[in-house]
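Visitor: Please give me a close look at one part of this protein, the middle of its fold. I am new to it, and I would like the terms explained along the way.

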Amino acid sequence: MDSATKSFSSPTASALVVMGVAGCGKSSLGRACAEALGWPLLEGDDYHSHESVAKMKAGIALTDADREGWLARLGQMLADRPQGAVLTCSALRQRYRDQLRAARPGLHFAFLDLDEATARERVAARAGHLFPPSLVASQFATLESPVGEPGVLHLDATLPLERLRDQVLAWLRHPTETSA
């Protein structure tokens, strides 16, 4: 643990969603933040239905209907953890984010912003992941930028992980000083 995480004071937020398109680094940043905060990590991809996983592996983009039950499960999991939690979830549309906010008032989102070419490169480099590079374009087509929404921190996903983690931790301590 480095000095940045050792000196971390308690956050004002009680739950965080690390969000963005496939390949932006949600899992890595989510894990780093969860460790620093002492909160459980909820890896959103682990809670997709078997049908949705099969669709993605087959290169078929998920629909809003496919995501409906998944988002309800994730929202319930956040609501069930009042002590705090970090969730990784694409949260591509505002209505998805609003559904999670309704389940967990005061929810904060760290948006990892990345260009499509870099996302495609990163996804192609992941061996054995359920999400193929052919679906990256569909993520960008679905994405409704959260920049400007309350409780959202806009991050450059190409920055080093430690720097991203430190930006999130500082923002969670004082969200009104550095929000999008």
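**The sheet and what lies around it**

Guide: Start with one pair of residues. Leu-16 has His-108, in β4, as its bridge partner. Before going on, a word on the source. This is a predicted model, in which local features need pLDDT of at least 70 and side-chain atom pairs count only at pLDDT 80 or more, while totals for chains, interfaces and linings use all residues. Residues are numbered from 1 along each chain as its sequence is written, and side-chain values use heavy atoms, with hydrogens and water left out.

Now widen the view. Leu-16 falls within β1, which covers residues 15–19. β1 and β4 are joined by four bridges and pair in the parallel sense. Two strands count as paired if DSSP finds at least two bridges between them. Strands themselves are DSSP runs of E with at least two residues, helices are runs of H or I with at least four, and both are numbered from the N terminus. In general, the strands of a sheet pair through backbone hydrogen bonds, either parallel or antiparallel.

Which strand lies on the other side of β4? Five bridges join β4, residues 108–113, to β5, and these two strands run parallel. Two pairs can be picked out. Phe-109 stands opposite Val-152 in β5. Asp-113 has Asp-156 as its bridge partner in β5.

Put the strands together. The sheet is open and has five strands, in the order β2-β3-β1-β4-β5, with parallel pairing. Its edges are β2 (41–43) and β5 (152–156), each of which pairs on one side only. From one strand to the next, the twist averages 20°.

Is β4 enclosed or open to the outside? Five of its six residues are buried, so β4 is largely enclosed by the rest of the structure. Buried means under 20% relative accessible area, exposed means over 50%, and partly exposed lies in between, with a 1.4 Å probe and protein chains only.

Next, the helices across the sheet. Helix α4 (residues 64–79) lies across β1, β2 and β3 (85–88), and runs at about 165° to β3. Helix α8 (residues 161–173) lies across β1, β4 and β5, at about 160° to β5. These angles run from 0 to 180 degrees between N-to-C directions, and the axes are lines fitted to C-alpha atoms, for helices over the stretch in contact. Contact means heavy atoms within 4.5 Å.

Helix α2 deserves a stop of its own. It covers residues 26–37, 12 in number, and reaches 16 Å from its first C-alpha to its last. That is close to the 16 Å expected at 1.5 Å a residue. The expected span is 1.5 Å times one less than the number of residues. Buried residues of α2 include Lys-26, Leu-29, Gly-30, Ala-32 and Leu-37. Cys-33 is buried too, because its relative accessibility is 0%. After α2 comes Gly-38, with a positive phi near 75°.

Look again at Lys-26, in α2. Lys-26 counts as buried because its relative accessible area is 13%. Leaving out residues up to four places away in sequence, Lys-26 touches Val-18, Met-19, Gly-20, Val-21, Thr-88, Cys-89, Ser-90 and Leu-112. Its C-alpha is 8.9 Å from that of Phe-111, and the two residues are 85 apart along the chain.

Ser-90 is also touched by Gln-139, as are Gly-20, Val-21 and Arg-67, among others. Gln-139 sits in helix α7, residues 136–142. At 7% relative accessible area, Gln-139 is buried.

Then find Ala-91, in the loop between β3 and α5 (94–103). Its phi is near 45°, a positive value in a residue other than glycine. Most residues other than glycine have a negative phi. Ala-91 is buried, at 1% relative accessibility.

Finally, step back to the whole protein. There are nine helices and five strands. Of its 180 residues, 44% count as buried. Among contacts with a separation of 6 or more, 77% join residues 24 or more positions apart. How many disulfides does a search of the whole structure find? The result is zero disulfides, where a disulfide is a pair of cysteine sulfur atoms within 2.5 Å.
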